[in-house]
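Visitor: I have this model open on my screen and would like a close look at a single part of it. Could you pick a place to start and then walk me outward through its surroundings?

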Amino acid sequence: MKKVLVTGAKGFVGKNLVMELRAKNLAEVYEYDIDTPQDKLSEFCSDCDFVFHLAGVNRPKDEAEFMEGNFGFTDTLLNTLKEKGNKAPVLISSSIQAALDNPYGKSKKAGEERMARYAEETGATVYIYRLANLFGKWCRPNYNSVVATFCHKIAHDEEITINDPKAVVNLVYIDDVVEEFIRAMEGKPNKNGDYYSVEPVHPVSLGRLAELLYSFRDSRKTLSVADMNDAFEKKLYSTYLSYLARNEFSYPLKMNVDARGSFTEFLRLSGQGQVSVNVAKPGIVKGNHWHHTKNEKFLVVAGRGVIRFRNPMETEIIEYFVSGDKLEVVDIPTGYTHNIENIGDTDLITVMWANEPFDPEKPDTYFLEV
């Protein structure tokens, strides 16, 4: 098993990378961060087979700290590897801002140039990754990530500020970063010109970003679900959930309750229908209606029941006996009047999927006893 050194192990990228390496048992990990005893750096550099150099400074109190943190420690790390005679490959997480003329960009560029000189001096392999704006779980809000800040504020019902809704940011998801870094460790990096890069990059305007995040917040009331066919929306929704307040993981649903039991809508899926939970008391019959185009799937998860069908032009009754002891789905075809009866002595609980959310203006539901 490889032994890898991760500097900046407690940072956003570091935490995600370390957790993945350990979860998949891909490497023995040496974690180094600002609070690690300095003598550990020498020990780790003498023994590691690969280096993920993720440590850096993003928001210093003094601009001089940019160069100290992003170039100075890089120089220290490489000198230590050189002293130990260790030519292990080194991957450094730089930034697209290295191409810009600002203190942060200059410090990142200096770190890149030091890496290039180190490669020439030692023959060691170096991977310089210029990363776009990152997002994902465990990123610190109100620091250097607009996504983390927006997610935290919206999830906690705080106001966000957008100066230019049309401004576009290029975003890269943390899982894609970790996956690419592991490929580099395995000798299969993605090179893009003079540097290495992580793909895909998701360009999005700040206005659209906020719109999506507000829709995620409001989905608890609308019961809608993010578009999981859209790669960015899927990643953003996963990210948003990680910023929920710890006492806000759950939310109530509107239960339509009467003497027969209850009916509760759970999810509305864009273009994929509606999921509900139906509870019927012992002896209760629900349904006795048919549909033109609306169709459903019933899954009894608790209790005992019978689902009955009849073609309106015929007298024959078709019966399917169902139970929570044997999970099976019953399709409800169009053109058949149908009902479900609780024949047990406990509540009959059925998960129901309909191919379209209920629309009171066009219910497509017609009463007719089975």
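Guide: Happy to. Let's start at Ser-197, which sits in the loop between strand E9 (195–196) and E10. Keep in mind as we go that this is a predicted model. Ser-197 counts as buried because its relative accessibility is 11%, under the 20% cut-off. Setting aside neighbours within four places in sequence, Ser-197 is in contact with Tyr-129, Glu-180, Asn-190 and Asn-192.

From this loop, let's move on to helix H6, which covers residues 174–185. Glu-179 lies in H6, and it counts as partly exposed because its relative accessibility is 46%. Glu-179 also gives you a sense of distance: Phe-358 is 179 residues away from it in sequence and 41 Å away in space, C-alpha to C-alpha.

H6 has a link to another helix as well. Asp-176 and Lys-235 form a salt bridge, with their closest N and O atoms 2.7 Å apart. Asp-176 belongs to helix H6 and Lys-235 to helix H8, so the pair ties together parts that are 59 residues apart in sequence. Both partners are charged, so you may want to know how covered they are. Lys-235 counts as buried at 13% relative accessibility, and Asp-176 counts as buried at 14%.

A second salt bridge to look at joins Glu-186 and Lys-188, where the closest N and O atoms are 3.7 Å apart. Here Glu-186 is partly exposed, with a relative accessible area of 42%.

Now go back to E10 and look at helix H7, residues 206–222. H7 has 17 residues and reaches 23 Å from its first C-alpha to its last, close to the 24 Å expected at 1.5 Å a residue. The helix bends by about 30° at Phe-216. Phe-216 is also one of the buried residues of H7, which include Leu-206, Leu-209, Ala-210, Leu-212, Leu-213 and Ser-219. In an α-helix there are 3.6 residues a turn, so residues three or four places apart point the same way. The buried residues of H7 pack against helix H5 (146–155), strand E7 (168–173), strand E10 (202–205) and H8. Just after H7, Leu-223 takes a positive phi of about 65°.

H8 leads us on to the surface. Leu-253 is found in the loop between helix H8 (231–241) and strand E11 (255–258), and it counts as partly exposed because its relative accessibility is 32%. Together with Tyr-251 and Phe-266, Leu-253 makes a nonpolar surface patch of about 240 Å².

To finish, follow H6 in another direction, to helix H1 (residues 12–23). The buried residues of H1 pack against H6, and also against strand E1 (2–7), strand E2 (27–32), strand E3 (50–53) and strand E6 (133–135). Those buried residues are Phe-12, Val-13, Gly-14, Asn-16, Leu-17, Val-18 and Leu-21. H1 has twelve residues and reaches 17 Å between its first and last C-alpha, close to the 16 Å expected at 1.5 Å a residue. Asn-25, with a positive phi near 55°, follows H1.

On the other side of H1 there is one more salt bridge, in which the side chains of Lys-10 and Asp-35 meet at 2.6 Å, N to O. Lys-10 lies in the loop between E1 and H1 and Asp-35 in the loop between E2 and helix H2 (39–47), so the pair ties together parts that are 25 residues apart in sequence.

Notes:
Residues are numbered from 1 along each chain as its sequence is written. This is a predicted model: local features need pLDDT of at least 70, side-chain atom pairs count only at pLDDT 80 or more; totals for chains, interfaces and linings use all residues. Side-chain values use heavy atoms; hydrogens and water are left out. Patches are made of residues with over 30% relative accessible area and no salt bridge: like charges are joined within 9 Å, nonpolar side chains (Val, Leu, Ile, Met, Phe, Trp, Tyr) within 5 Å. Accessible areas come from the Shrake-Rupley method with a 1.4 Å probe; for residues, only the protein chains shown count as cover. A salt bridge is a side-chain nitrogen of Lys or Arg within 4 Å of a carboxyl oxygen of Asp or Glu. Helices (H or I, at least four residues) and strands (E, at least two) are DSSP runs, numbered from the N terminus. Buried means under 20% relative accessible area, exposed over 50%, partly exposed in between (1.4 Å probe, protein chains only). The expected span of a helix is 1.5 Å times one less than its number of residues. The bend at a residue is the angle between axes fitted to the seven residues ending there and the seven starting there. Contact means heavy atoms within 4.5 Å.
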